[in-house]
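Let's take a walk through this structure together, from its surface charges to its backbone details. Please have the sequence and the 3D view open as you read.

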Amino acid sequence: MTLDQLTAVSPIDGRYRSKTEPLANYFSEYALIKYRVRVEIEYFITLCELPLPQLAEFDHALFDRLRDIYRHFDEKDAARVKDIEKTTNHDVKAVEYFIKEEFDKIGGLEAFKEFIHFGLTSQDINNTSVPLSIKEALEQVYYPQIQELIDQLQQYAEEWKEVPMLAKTHGQPASPTRLGKEIEVFVYRLTEQLDLLKSCRFTAKFGGATGNYNAHHVAYPTYNWREFGNKFVSEKLGLEREQWTTQISNYDHLGSIFDAIRRINTIIIDMDRDFWMYISMEYFKQKIKAGEVGSSAMPHKVNPIDFENSEGNLGIANAILQFLAMKLPVSRLQRDLTDSTVLRNIGVPLGHSVIAIQSTLKGLRKLILNEAKIEEDLDNTWAVVAEAIQTILRREAYPHPYEALKALTRTNKTMTEETIHEFIQGLNVSEEVKAELMAITPHNYTGM
């Protein structure tokens with residue numbers, strides 16, 4: 001069976017491939033190999049710039065040619081690395097041998113080839129490649145999509161900022177609010193958490209077999225390898241080197257990144273459910289697209305499937321993100337292999353997250369405001385002005401105002417405009433205060 005969108009086991013690479021395809025540049029096997037090649041090349045260049053004595057004669061004019069090895073890296077190159085791996089049975093060593101082959105193609109570099117991957121362990125490459133791929137995936141794919149969602153919500157918040165709406169607390173009618181304000185809550189929450197995600201540190205492990213630069217130090221004891229590593233990771237990769245590690249990254253900051261994404265996803269779940277409820281309450285209708293079917297049995301239905309799709313994908317994403325954040329910082333002694341196995345799945349929760357973001361956006365863009373239904377609910381729920389009346393009566397030192405309103409409204413009888421106004425007229429307060437109370441309606445009691 002040929003692997004394609006119809007035969008893929010995961011819906012990320014199958015049904016939803018069109019939504020997740022940009023992530024292949026960061027989290028596929030091809031992408032991981034390319035990032036490894038990039039780190040190895042930049043490391044070799046940095047050794048030349050130091051320079052190590054044996055690299056002092058390397059022609060710096062060739063640096064661009066070396067960088068072209070990863071700049072022009074393609075699937076054919078990745079396939080060659082995988083062929084080498086069949087012999088080495090080691091993925092990072094296969095990258096080293098591939099780069100040596102590329103050096104041979106340039107010619108005249110035989111004397112320098114053993115400084116490819118010099119003094120390093122595979123995790124110096126993996127634990128720089130992976131955080132770098134995450135950083136660039138967030139910057140180039142995830143952040144723009146989250147911002148697009150925030151911008152769409154902000155547009156609706158502005159468009160509907162004057163639309164009064166019955167609030168529901170505990171599922172029961174509560175003090176009215178405004179539709180735009182309720183959407184602005186999600187704009188605020190998402191913006192706050194996106195800022196926190198962007199403030200997370202992208203750190204990398206780079207320190208040799210057990211984090212002490214043993215091999216570097218024994219070969220060149222006069223060099224400050226910590227300073228070298230800090231500069232390389234910062235200047236060449238745009239990451240921050242972890243100062244004290246075992247063979248692998250501590251993954252603590254990576255855990256904070258996953259937790260930050262999970263918080264954003266949780267907010268979107270909350271929002272998906274609210275819009276689902278608003279559609280159920282008929283506060284929104286949905287745009288109808290010719291040819292689409294809502295139900296295989298009930299022709300009339302237009303289901304809020306985009307919000308449901310988003311919620312389901314976010315649930316899967318959060319389960320995996322939580323596992324990653326909890327698992328990766330835990331390793332036996334100086335290192336076990338479980339982190340390597342787990343790291344290969346980072347693209348999975350991000351894939352489900354971007355599927356969800358796009359589904360939520362699709363759902364939002366189908367919405368048609370049903371202002372008549374919103375107004376109808378306000379007109380039918382005059383009991384919600386009781387809070388306003390009793391608060392003004394408290395201001396006026398009226399005796400037991402809460403209890404008076406409770407006796408009026410906490411019944412199974414429907415409160416109407418007439419019921420409320422009759423109550424107000426019977427109050428022992430000034431005509432000025434009565435006029436103030438009579439002016440309050442479910443439509444204008446919406447606060448600031």
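Which helix gives the most to the negative patch? Helix 15 does, with three residues. Keep in mind as we go that the model is predicted. The patch on the surface is built from Glu371, Glu375, Asp379, Glu417 and Glu418. Two helices each supply at least two of its residues: helix 15, which spans 371–379, and helix 18, which spans 417–425. Take Glu371 as a starting point within helix 15. Its relative accessibility is 35%, so Glu371 counts as partly exposed. A residue needs over 30% relative accessible area and no salt bridge to join such a patch.

From unpaired charges we can turn to paired ones. The structure holds 36 salt bridges, and a few of them are worth visiting one by one. Begin with Arg201 and Glu240, whose closest N and O atoms are 2.4 Å apart. This pair links distant parts of the chain, with the two positions 39 residues apart in sequence numbering. Arg201 sits in the loop between helix 8 (179–199) and strand 3 (203–204), while Glu240 belongs to strand 4 (residues 240–241). How exposed are the two partners? Arg201 is partly exposed because its relative accessibility is 40%, and Glu240 is also partly exposed, at 33%.

The next stop is helix 11, where a salt bridge stays within one element. Asp259 and Arg262 meet through their side chains, with an N to O distance of 3.0 Å. Why are these two residues separated by about one helical turn? Because they are three residues apart in helix 11, which covers residues 252–280. Asp259 has a relative accessibility of 25% and so counts as partly exposed. The value for Arg262 is 25% too, which makes Arg262 partly exposed.

Helix 11 also reaches out to another helix. Glu311 and Arg273 form a salt bridge through their side chains, at 2.9 Å from N to O. Glu311 lies in helix 12 (residues 305–327) and Arg273 in helix 11, so this contact ties together parts that are 38 residues apart in sequence. With a relative accessible area of 26%, Glu311 is partly exposed; Arg273 is partly exposed as well, at 46%.

Some charged side chains are connected in a wider arrangement. Glu29, Arg36, Lys82, Glu85, Asp91 and Arg344 are linked in a network of salt bridges. It is worth selecting these six in your viewer to follow the links.

What about covalent links between cysteines? A disulfide is a covalent bond between the sulfur atoms of two cysteines. How many disulfides does a search of the whole structure find? The result is zero. Two cysteines can still be placed by their accessibility. Cys48 is buried because its relative accessibility is 1%, and Cys200 counts as buried at 15%. The cut-off behind both assignments is under 20% relative accessible area.

Now let's look at the backbone. Most residues other than glycine have a negative phi, and most peptide bonds are trans. With that in mind, three places deserve a look. The peptide bond from Leu50 to Pro51 is cis, with omega near -15 degrees. Pro51 is found in the loop between helix 3 (29–49) and helix 4 (63–71).

The other two places are tyrosines with positive phi. For Tyr213, phi is near 55 degrees, and the residue lies in the loop between strand 3 and helix 9 (214–219). Tyr213 is buried, with a relative accessible area of 5%. For Tyr251, phi is near 65 degrees, and its place is in the loop between strand 4 and helix 11. Tyr251 is buried too, with a relative accessible area of 3%.

We finish with a pair that spans much of the sequence numbering. Ser18 has its place in helix 1 (residues 17–20), and at 62% relative accessibility Ser18 counts as exposed. How far apart are Ser18 and Ile355 in sequence and in space? They are 337 residues apart in sequence, and their C-alpha atoms are 9.4 Å apart in space.

How values were computed:
Residues numbered from 1 in each chain as written. Predicted model: local features only at pLDDT ≥ 70, side-chain atom pairs only at ≥ 80, totals over all residues. Heavy atoms only, no water. Patch = residues over 30% accessible without salt bridge, like charges linked within 9 Å, V, L, I, M, F, W, Y side chains within 5 Å. Areas by Shrake-Rupley, 256 points an atom, 1.4 Å probe, with all protein chains shown as cover. Salt bridge = Lys/Arg side-chain N within 4 Å of Asp/Glu carboxyl O. Lys, Arg positive; Asp, Glu negative; His and termini not counted. Charge placed at Lys NZ, Arg CZ, Asp CG, Glu CD. Helix = DSSP H or I, 4+ residues; strand = E, 2+ residues; numbered from the N terminus. Buried < 20%, exposed > 50% of the residue type's maximum accessible area, 1.4 Å probe, protein only. Disulfide = S-S within 2.5 Å.
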